[in-house]
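Please open the model in a viewer and keep the sequence panel visible. The stops below are given in the order in which they may be selected.

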Amino acid sequence: MQNITTTLKKLFYLWRRSQVPVKQPIKISRIDNLIIFLVCILISIISSYKLLLISPLNIADIFSWFLTFIEILISSGVLILVSKKENPTISSRQIFLIITLLLAVQVTKLALASTISPLSMIIPPALIISQGMGSITALAWVSIASLIWPDPEIVINNNLFFILLVCASIVSLLGGRIRSRAQLLQLSIFVPIGSFLSQWILIGKDKISIINNQDFVLANGDIFSDSLLLAIVMLFTILFIPIFESIFGLLTKARLLELADKEKPLIRRLSLEAPGTFEHTLLICGLAEEATRMIGGDIDLIKTGALYHDVGKLHAPNWFIENQDGSKNPHDELDDPIKSAEVLQAHVDEGLKFARKNRLPKLIANFIPEHQGTLKMGYFFQKAKEKNLDINEYYFRYKGPIPQSKETAILMLADGCEAALRAMNINASDKEALETISNIIYSRQKDGQLDDSNLSKGEIFLIKRAFLNVWKRIRHRRIQYPTSKNNTFS
Ligand SMILES: [Fe+2]
Ligand SMILES: [Fe+2]
């Protein structure tokens with residue numbers, strides 16, 4: 001009996017260890033929640049009030065209006081929940097963008113339903129949402145925006161409704177993956193062409209009047225005009241996406257790749273003024289990218305975040321060992337461990353200032369404090385203890401916060417392993433390298449640095465293997481190839 005209890009306890013313990021910790025969602029203030037709720041109420045009123053304009057009005061009509069009102073309110077709530085699930089770090093501004101776009105579409109439907117095709121009303125906002133908040137949120141938005149039509153008298157052709165859903169779903173799915181502005185332009189050309197051809201096949205050739213129509217673009221129902229208007233609105237949307245990025249703090253793939261350009265002034269400065277830190281950054285990019293690929297994380301995000309994680313060292317490059325190239329160490333001259341710890345902490349504080357000055361998105365700026373977490377500056381703590389045994393550890397820990405995402409946690413682990421792997425003997429075996437990596441990762445785990453990161457045990461195992469693979473590549477590069485006088489080929 002005791003054996004069974006012990007086995008059950010062990011199994012329960014193993015199950016708990018294998019579970020991913022539940023992440024705390026970002027807190028949204030009461031005022032923001034109230035504003036969001038009021039906008040949802042407004043959407044529900046706009047989308048349902050026409051049901052109350054029937055005369056004479058009886059109880060059944062009021063009941064039907066009430067049901068529609070509640071249905072739309074719940075749909076808006078579900079949309080917010082889906083967006084929060086897909087983006088755990090979504091801000092109130094971004095939620096506000098999603099519901100404001102829904103409100104704008106409902107108002108446009110009321111005001112311009114007879115002039116503008118539904119394709120041009122629903123597809124462009126879906127592009128913005130998929131780019132900024134992901135495909136699932138965009139799909140949820142499309143389904144709610146397409147299903148609720150405020151005016152029951154406007155009946156959409158079934159075929160047009162089908163084409164609208166297919167085109168909007170394609171834009172939502174591709175929009176979340178597109179990695180360059182050029183691909184966005186291609187999408188804004190091919191989707192209208194696709195909608196034109198499908199309308200031609202499903203709705204009819206007789207709905208084209210290219211030459212005779214006076215309202216060339218705003219001729220609702222004419223399939224050429226509808227597709228042309230869709231192309232124009234999509235092109236304008238693409239032009240305005242950078243403005244949405246800065247106002248609502250959206251981080252699109254295209255923006256991430258632009259920021260990862262090594263010719264950006266801040267990164268150029270890092271390579272010129274702190275070449276050691278720049279080299280360290282490049283190696284970390286390799287380690288972090290491989291690990292993120294292994295666990296299926298956001299590679300573009302971590303590559304860009306890694307590039308900027310130590311920009312704060314620009315405030316005093318020669319105070320960091322990688323930039324000292326054998327010259328004298330200013331920390332030795334200072335001979336004050338607490339002051340040295342302050343210089344180390346300053347690379348985080350100054351980094352955040354650089355991030356603000358260069359308008360880096362929040363998700364990228366998060367890498368700056370979170371890659372150090374609340375780690376202990378062991379070397380200076382030991383030095384301080386040699387002078388005063390009662391010294392408080394608090395002065396020798398970074399201010400944090402600890403990594404709040406898988407990506408920032410991987411960067412912390414890569415940051416810890418980089419120097420050790422670079423310093424490793426070229427003849428070291430894979431087993432020795434793996435042991436070094438495991439020890440570094442275990443020390444951070446034990447210190448509680450990965451507690452909020454959502455990394456599971458299995459993912460940590462994969463990260464170790466990824467770092468080992470990168471180490472093998474580094475070792476391979478460092479092995480000198482045998483050359484001879486006669487060997488002139490290659
Ligand atoms: Fe750092
Ligand atoms: Fe670093």
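**Stop one: a nonpolar surface**

Select Phe190, which counts as exposed because its relative accessibility is 57%; buried means under 20% relative accessible area, exposed over 50%, and partly exposed in between, with a 1.4 Å probe and protein chains only. Phe190 lies in helix H8. Helices (H or I, at least four residues) and strands (E, at least two) are DSSP runs, numbered from the N terminus.

The model is predicted, so that local features need pLDDT of at least 70 and side-chain atom pairs count only at pLDDT 80 or more, while totals for chains, interfaces and linings use all residues. Residues are numbered from 1 along each chain as its sequence is written, chains are lettered from A and ligands numbered from 1 in the order in which they are written, and side-chain values use heavy atoms, with hydrogens and water left out.

Now extend the selection to Phe162, Val166, Ile170, Leu174, Ile189, Phe190, Ile193, Leu197, Trp200, Ile201 and Leu202, which make a nonpolar surface patch of about 1000 Å². Patches are made of residues with over 30% relative accessible area and no salt bridge; like charges are joined within 9 Å, and nonpolar side chains (Val, Leu, Ile, Met, Phe, Trp, Tyr) within 5 Å. Accessible areas come from the Shrake-Rupley method with a 1.4 Å probe, and for residues only the protein chains shown count as cover. Helix H7 (158-175) and helix H8 (181-202) each supply at least two residues of this patch, and H8 gives the most, with 7 residues.

**Stop two: salt bridges**

A search of the whole structure finds 21 salt bridges, each defined as a side-chain nitrogen of Lys or Arg within 4 Å of a carboxyl oxygen of Asp or Glu.

Remain on H8 and select Arg181 together with Glu258: their side chains meet in a salt bridge (3.2 Å, N to O). This pair links distant parts of the chain, with Glu258 in helix H10 (residues 253-259) and Arg181 in helix H8, 77 residues apart. Glu258 is partly exposed, at 34% relative accessible area, and Arg181 is also partly exposed, at 22%.

Next, select Asp430 and Lys472, whose side chains form a salt bridge (3.7 Å, N to O). Here too the pair links distant parts of the chain: Asp430 is in helix H20 (residues 430-446) and Lys472 in helix H21 (residues 457-478), 42 residues apart. Asp430 is partly exposed, with a relative accessible area of 28%, and Lys472 is partly exposed, with 32%. Which residues are joined into one network by salt bridges that share partners? Select Arg179, Lys253, Asp298 and Asp300 to display that network.

**Stop three: the second largest pocket**

Select Lys313, Ile321, Leu344, Tyr398 and Ala419. The second largest pocket has a volume of about 900 Å³, and of the 28 residues that line this pocket, these five are the closest to its centre. On a 1 Å grid over the protein atoms alone, a pocket is an open set of points where a 1.4 Å probe fits, with protein on both sides within 12 Å along at least five of seven lines; lining residues have an atom within 4 Å of a point. Grid points are joined across faces, edges and corners, and a volume is the space filled by probe spheres set on the points.

Helix H15 (337-357), helix H18 (378-387) and helix H19 (406-423) are the elements that give two or more residues to the lining. H19 provides the largest share, 7 residues.

Lys313 deserves its own selection with Glu322: the two form a salt bridge, the closest N and O atoms being 2.8 Å apart. Is Lys313 buried or exposed? Lys313 counts as buried, at 8% relative accessibility, whereas Glu322 is partly exposed, at 24%.

**Stop four: backbone details**

Most residues other than glycine have a negative phi, and most peptide bonds are trans. Select Gly400 and Pro401, where the peptide bond is cis, with omega near 5°. Pro401 is in the loop between H18 and H19.

Then select Asp335, whose phi is positive, near 50°. Asp335 sits in the loop between helix H14 (330-334) and H15 and is partly exposed, at 48% relative accessibility. Finish at Asn454, with a positive phi near 75°. Asn454 is in the loop between H20 and H21 and counts as buried, at 18% relative accessibility.
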